[in-house]
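Work through the two exercises below with the sequence and the model at hand, and compare each solution with what you find.

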Amino acid sequence: MKKTILLLSLTILVCCIAAVGVYLIWGPRIVDTLKHTTLSGMLVPGNIYTVQLKSAEIPAKYMNKSRWDIDGSAPDCYYQIWWRGNKIAESPVVANSLLPHWGRPDNNISNILNTGKGSAKIKVNPNDFIVIKIFDADPLKSDDEVLSTEIPVKKLLQGSNFIKQGNVSFVLNIVEYEDNDK
């Protein structure tokens, strides 16, 4: 009887471990890591927020290639923000950088977002997703996609959101749009 219970328990444990492994390998890959820093609260459904990438960290090599560009230089990065199936923002290109930075260096979120370059406005619905795409601009051929990731709006907070997907990480800044009716 004890052997049967032990064998049954072991079988259930192995099945649970296998199910978790299958989910982790083939399950949805939205965001590997999402950390919040410099926060001022949750996003309020129905309110409008300004969204912009502040910076990113790009891997030294492009996929299986030894370098990003034919001349050996780092990627020329820009990003797009997609919301509800529409491209709503595109940043300027930051040339030759594995650490592209968009916005002002003073780290003041309001100042960064007031530049207007690459920023977008969204009206929060907790069921929405924001899609972030980062590219390496290439004048000789089509641009290389560095990253495309889908982020659930309900997981984001006001302030700086650190997001890591695979070997690419970036900081997504979100501030409440000043014209929200109070």
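**Overall surface and fold**

The chain has an accessible surface of about 10,900 Å², of which carbon and sulfur atoms contribute 58%, the areas coming from the Shrake-Rupley method with a 1.4 Å probe. The model is predicted, so that local features need pLDDT of at least 70 and side-chain atom pairs count only at pLDDT 80 or more, while totals for chains, interfaces and linings use all residues. Residues are numbered from 1 along each chain as its sequence is written, and side-chain values use heavy atoms, with hydrogens and water left out.

**Exercise 1.** Determine which elements make up the chain and in what order they run.

*Solution.* Begin by assigning helices (DSSP runs of H or I, at least four residues) and strands (E, at least two), which gives two helices and nine strands. Then read from the N terminus, where the order is α-β-β-β-β-α-β-β-β-β-β.

**Exercise 2.** Identify the residues with the most contacts inside the largest nonpolar core, and the strands that supply at least two residues of this core.

*Solution.* First collect the buried residues (under 20% relative accessible area, 1.4 Å probe, protein chains only) that are Ala, Val, Leu, Ile, Met, Phe, Trp, Tyr or Cys and are joined through side-chain atoms within 4.5 Å. The largest such core has 31 residues, and Ile-132, Ile-134, Phe-170 and Leu-172 have the most contacts inside it. Next assign the core to strands: E2 (48-57), E3 (77-83), E5 (120-123), E6 (129-136), E7 (144-152) and E9 (168-176) each supply at least two of its residues. Finally, take contact as heavy atoms within 4.5 Å; beyond four places in sequence, Ile-134 touches residues including Leu-53, Tyr-79, Leu-147 and Phe-170.

Note on methods. Buried means under 20% relative accessible area, exposed over 50%, partly exposed in between (1.4 Å probe, protein chains only).
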